[in-house]
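Please look at the sequence and the structure shown below before reading on. The report that follows starts from a single residue and then widens to the sheets and helices around it.

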Amino acid sequence: MKGLNFLKDLRPFIWTLILLITEALSGQTNPYLPDISYTPLKVRVNLIILQREDGSGNFQDNPADHTFIENMIRVTNEVFANLVNRNEEYYPGQNLPFLSNAKIEIVPNIIFRKYGFGWNNRNDTNHSGVPYLSGWYLDYLDLQIYGDSALPKAINLYFSNDGQLHEEMVVLGTTTDYDKRIFFKQHAASEIPVLNSRVQPYGRFHSMRCHIGNVWLKLWWKRNVLHEPDWTMEYEVGKSIAHELGHLFGLGHTSENHLHSLMRTSFGGLRDYMTTQEIARVHQTFGLYPSLWQFVEGDFTYGSATADWVVSTEETWNTSRRLYANILVKSGAVLTITSEILMPNSGALVVEQGATLILDGGIVRRFDTPAPDAFEGEQLEETQHMKSPYLIDARDSDQAGTVILKGNGKIDGAIIGLIKD
Ligand SMILES: [Zn+2]
């Protein structure tokens with residue numbers, strides 16, 4: 001994505017600043033940083049192919065085009081899974097840690113939509129191309145897709161085309177000069193979620209959008225004018241998607257000098273390098289940013305013991321987060337929770353003997369268990385058989401750790417007093 005306006009140029013700088021402050025405050029290894037034993041975080045993405053009203057002007061719902069799209073997403077997933085160590089090239093002498101796998105995997109869902117207005121990205125009057133949370137030319141369709149309970153909750157990635165160049169190059173055949181005639185040259189953009197403003201003003205959960213223009217048109221040009229094989233475009237777009245999703249996962253731009261960095265602003269370079277800080281940032285954003293929670297299955301866990309959140313001293317958690325691992329409160333430790341903690345559906349919170357968990361107004365629940373207020377108030381109809389799984393009384397035993405519930409604190413399906421041997 002090219003910096004086309006002032007605010008956008010400034011954004012990476014502001015982001016870097018936030019990043020520096022956060023890291024100065026934490027002052028230790030980021031607990032969100034995965035290791036090689038983790039199962040990759042599986043993130044659903046809707047690939048929304050916008051066609052003209054007659055169905056032309058973009059990819060078709062046929063095996064050949066499905067293959068192209070799948071190959072393109074394979075490139076995206078390979079970026080995240082096969083990073084190249086360029087630490088010494090870009091950060092010489094710092095002896096930085098390196099992780100060759102960002103542990104992120106895109107799970108695509110392809111959707112075809114006939115929508116002439118949306119198909120033509122010349123109707124996007126926001127020339128910076130950023131699909132802001134409101135006032136974007138695809139808002140109407142986006143609300144429809146986001147609100148459709150038959151579709152998975154997923155990041156919505158839109159593929160549009162330049163209607164005018166399509167007319168000249170594909171329909172009339174009056175030009176073959178894609179490079180000069182295309183209106184939005186690198187039309188690819190995403191929002192960057194900002195953690196501390198996530199609740200306002202759009203509500204806790206909102207749609208997250210990404211827009212990549214002219215993929216099909218450029219592919220048409222490469223096939224028919226340059227006679228290039230499809231893989232060059234699969235490669236180019238697959239890498240662009242990884243970059244744009246990087247923004248949606250909380251990453252700003254990195255130095256222009258880091259030629260092969262995934263998050264370098266300018267197009268080009270191999271886009272095969274991420275720092276461990278960037279990787280940790282992505283997983284942290286998936287922990288802390290509610291809208292991203294929607295896009296990961298409730299059952300998902302990192303599936304590694306090293307992913308568990310182990311509390312071995314005294315800690316207070318006052319920020320709501322989703323965890324993709326278990327919590328273990330070690331003997332002698334005290335964990336106080338004042339926020340809402342979402343656990344994997346199969347996850348466990350273990351309070352060891354001699355350990356204390358205090359839920360001071362906090363709530364611990366499985367991702368797919370409705371919030372406690374769903375079980376309160378009116379008498380539920382008999383047919384619903386909804387029984388609250390929440391533990392509302394404090395329990396304690398000689399055999400187990402102590403759980404103290406106060407200030408309306410609640411815990412879902414508690415298993416207390418597991419003693420590991
Ligand atoms: Zn960018």
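## A buried alanine

Alanine 102 counts as buried because 25 C-beta neighbours lie inside 10 Å, and the cut-off for that class is 20 or more. The model in which this residue is found is a predicted one. Alanine 102 is placed in the loop between helix H3 (87-90) and strand E2 (104-114). Apart from its neighbours within four places in sequence, alanine 102 is in contact with Phe80, Leu83, Met274, Ile279 and Val282. One of these partners shows how the fold brings distant parts of the sequence together: the C-alpha atoms of alanine 102 and isoleucine 279 are separated by 5.6 Å, although the two residues are 177 residues apart along the chain.

## The protein as a whole

The protein has 11 helices and 17 strands, and buried residues make up 36% of its 421 residues. Among the contacts between residues at least 6 apart in sequence, 65% join residues that are at least 24 apart.

## The five-stranded sheet

Strand E2, which follows the loop of alanine 102, belongs to an open sheet of five strands in the order E2-E1-E3-E5-E4, and the pairing in this sheet is mixed. The edge strands are E2 and strand E4 (188-190), each of which pairs on one side only. Neighbouring strands of the sheet are turned against each other by 20° on average, direction ignored. Strand E1 (residues 41-51) pairs with E2 in the parallel sense over 11 bridges, and leucine 41 stands opposite isoleucine 104 in E2. Helix H9 packs on this sheet, where it touches strand E3 (155-160), E4 and strand E5 (209-213), and the direction of H9 makes about 155° with that of E5.

## Helices that pack on H9

Two packed helices are described by the angle between their axes and the distance between the axes. Both values are listed here for two helix pairs that include H9.

| Helix pair | Distance between axes | Crossing angle |
|---|---|---|
| H8 (residues 215-226) and H9 (residues 231-248) | within 10 Å | roughly 150° |
| H2 (residues 63-81) and H9 | within 8 Å | roughly 50° |

How are H8 and H9 oriented, roughly parallel or roughly antiparallel? Their axes cross at roughly 150°, and angles over 145 degrees count as roughly antiparallel, so H8 is roughly antiparallel to H9. H8 passes H9 in a right-handed crossing. Val215, Lys218, Leu219 and Lys222 of H8 make the contact with Thr232, Met233 and Val237 of H9, and by class this contact has four nonpolar, one polar and two charged residues.

The axes of H2 and H9 cross at roughly 50°, and these two helices are therefore oblique to each other. The crossing of H2 and H9 is right-handed. On the side of H2 the contact is made by Phe68, Asn71, Met72, Ile73, Val75, Thr76, Val79 and Phe80, and on the side of H9 by Glu234, Tyr235, Val237, Gly238, Lys239, Ile241 and Ala242. By class, the contact of H2 with H9 has 10 nonpolar, three polar and two charged residues. Two residues link this part of the picture to others: Val237 is also listed in the contact of H8 with H9, and Phe80 is also in contact with alanine 102.

Which residues of H8 are buried? In H8 these are Val215, Trp216, Leu217, Lys218, Leu219 and Trp221, and the buried residues of this helix pack against E3, helix H6 (163-172), helix H7 (178-181), E5 and H9. Just after H8, histidine 227 takes a positive phi of about 55°.

## Parallel strands later in the chain

Four strands form another open sheet, in the order E7-E10-E13-E16, and their pairing is parallel. Strand E7 (314-317) and strand E16 (402-406) stand at the edges with a single partner strand each, so one side of each is left without a neighbour in the sheet. The twist from one strand to the next averages 10°. E7 pairs with strand E10 (residues 334-337) in the parallel sense over four bridges, and threonine 316 has threonine 336 in E10 as its bridge partner.

Parallel pairing is also found between strand E11 (residues 340-343) and strand E14 (residues 363-366), which are joined by four bridges. E14 in turn pairs with strand E17 (residues 410-412) in the parallel sense over two bridges. Isoleucine 363 appears in both pairings, since glutamate 340 stands opposite isoleucine 363 in E14, and isoleucine 363 stands opposite lysine 410 in E17.

Technical notes: Residues are numbered from 1 along each chain as its sequence is written. This is a predicted model: local features need pLDDT of at least 70, side-chain atom pairs count only at pLDDT 80 or more; totals for chains, interfaces and linings use all residues. A residue is buried if 20 or more other C-beta atoms lie within 10 Å of its own, exposed if 12 or fewer, and partly exposed in between; C-beta atoms are placed from the backbone. Two residues are in contact if their C-beta atoms, placed from the backbone, lie within 7 Å. Axes are lines fitted to C-alpha atoms, for helices over the stretch in contact, and angles run from 0 to 180 degrees between N-to-C directions. Angles under 35 degrees count as roughly parallel, over 145 as roughly antiparallel, 65 to 115 as roughly perpendicular and the rest as oblique. A crossing is left-handed if the near helix is turned anticlockwise from the far one by less than a right angle, and right-handed if clockwise. Ala, Val, Leu, Ile, Met, Phe, Trp, Tyr, Cys and Pro count as nonpolar, Asp, Glu, Lys and Arg as charged, and the others, Gly among them, as polar. Two strands pair if DSSP finds at least two bridges between them.
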